[in-house]
Amino acid sequence: MKIVVVFPTLTEAQFFSHPEVIVEFCGVGLSSAAYRTSQIIAQHRPDWLIMAGIAGVYPGSSLQIGEVVLVGREREADLGFFTPQGFTHLADLALEMDFDRQRDWHCPYIPAHPPFAVARSNSLNAAMAPFVSQQDVDIENMEGAAFFRVCLAEQQRFLQLRAISNVVRVGDDEWDFTGSIRQLTQALTQMIQHLAAQPDVR
């Protein structure tokens, strides 16, 4: 079974090593993640592609710093227009244009009995943007929606693991980089073992 793990940054990969796993990097932000994910799929044709990184947690979520989650739903949350009434997501705009208005992307490959909690995520190029909706969302990252979109379009089996490093609050500098990345590494190894133990149904 060929498994590729893609990290946004070298920092997030600093503790990870696995002799049977290919490691790649996608950079930070949605456009970089989309471009590199497409390249990685074309180059490796993996059985599983896993994105692994850190994320912020919204204050209304029950998740805690240090917790690791599987992401079940992604949304490109800062895609839209500012109007006199405030920010409006592109999917909610009454534009006389014909285009895809899909708001959310779902991962269809979450295990039936996942080893981690399943979270809902916003992806933003403008981290901690105060205008995006946090309703029914747990965490925030900067690459996941692009990763989901490319994997779904390419019919690539994929998962996304995120370790919570901070609270999404402007001015809050209490980020636990080292602790969350260590937790991410441990969870990633556990997830890979879980996948390797499953029958290959591709």
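# Reading helices, rings and backbone angles

Guide: Let's open with D136, which is partly exposed, at a relative accessible area of 46%. Keep in mind that the model is predicted.

Visitor: Where along the chain is D136 found?

Guide: Look in the loop between β8 (117-123) and β9 (139-141).

Visitor: What is the phi of D136 near, and is the value positive or negative?

Guide: First the general idea: a negative phi is what most residues other than glycine have. In this structure, D136 is not a glycine, yet its phi is positive, near 60°. Now try R45, another residue other than glycine, whose positive phi is near 45°. R45 sits in the loop between α1 and β3 (48-57), and with 54% relative accessibility R45 counts as exposed.

Visitor: Which residue with a positive phi follows α2?

Guide: That's Q155, with a phi near 55°.

Visitor: On to helices. How are two packed helices described?

Guide: By two quantities, namely the angle between their axes and the distance between those axes. Here, take helix α1 (residues 30-44) and helix α2 (residues 144-153): the angle is about 35°, and the axes are 8 Å apart. The crossing in which α1 passes α2 is right-handed.

Visitor: Which residues of α1 and α2 make the contact?

Guide: On the α1 side you have L30, A33, A34, T37, S38 and I41, and they meet A145, A146, F147, V150 and C151 of α2. Sort the contact residues by type and you get 9 nonpolar, 2 polar and no charged.

Visitor: How many of the residues of α2 are buried?

Guide: Of its 10 residues, 7 are buried, so α2 is largely enclosed by the rest of the structure. The buried ones are G144, A145, A146, F147, F148, V150 and C151.

Visitor: Can we zoom in on one residue from that contact? With what is T37 in contact, leaving aside its neighbours within four places in sequence?

Guide: T37 is a residue of helix α1, and at 1% relative accessibility T37 is buried. Setting those sequence neighbours aside, its contacts are L49, F147, V150 and C151. You can also set sequence separation against spatial distance: T37 and E24 are 13 residues apart in sequence, with their C-alpha atoms 9.3 Å apart in space.

Visitor: Let's do rings. How many aromatic pairs does the structure hold?

Guide: There are 10 aromatic pairs. One of them joins F7 and F16, with 5.8 Å from centre to centre and 55° between the planes, so the pair is tilted, since edge-to-face needs over 60 degrees. F7 is buried at a relative accessible area of 1%, and F16 also counts as buried, at 9%. Compare F148 and F158: their ring centres are 4.9 Å apart and their planes stand at 65°, so this pair is edge-to-face. The pair links distant parts of the chain, with F148 in helix α2 and F158 in strand β10 (residues 158-167), 10 residues apart. F148 and F158 are both buried.

Visitor: Which residues do ring pairs link into a cluster?

Guide: The cluster consists of W48, Y109, F147, F148 and F158.

Visitor: Which residue lies over the face of F15?

Guide: R182 does, at 4.0 Å from the ring centre.

Visitor: One more reading exercise. Is G53 buried or exposed?

Guide: G53, in strand β3, has 0% relative accessibility and therefore counts as buried. Not counting residues up to four places away in sequence, G53 touches P8, E12, L161, R162, A163 and L184.

Visitor: How far apart are G53 and R75 in sequence and in space?

Guide: They are 22 residues apart in sequence and 17 Å apart in space, going from C-alpha to C-alpha. Now put A13 beside that: A13 and G53 are 40 residues apart in sequence, with 8.1 Å between their C-alpha atoms.

Visitor: Where is the place of A13?

Guide: A13 belongs to the loop between β1 (3-7) and β2 (21-25). Its relative accessible area is 10%, so A13 is buried. Beyond its neighbours within four places in sequence, A13 is in contact with F7 and F25. You've met F7 already, in the tilted pair with F16.

How values were computed:
Residues numbered from 1 in each chain as written. Predicted model: local features only at pLDDT ≥ 70, side-chain atom pairs only at ≥ 80, totals over all residues. Heavy atoms only, no water. Axes fitted to C-alpha atoms, helices over the stretch in contact; angles between N-to-C directions. Helix = DSSP H or I, 4+ residues; strand = E, 2+ residues; numbered from the N terminus. Left-handed = near helix turned anticlockwise from the far one by under 90°. Contact = heavy atoms within 4.5 Å. Nonpolar A, V, L, I, M, F, W, Y, C, P; charged D, E, K, R; others polar. Phe/Tyr/Trp six-rings, centres within 6.5 Å; stacked < 30°, edge-to-face > 60°. Buried < 20%, exposed > 50% of the residue type's maximum accessible area, 1.4 Å probe, protein only. Lys NZ or Arg CZ within 6 Å of the ring centre and 35° of its normal.
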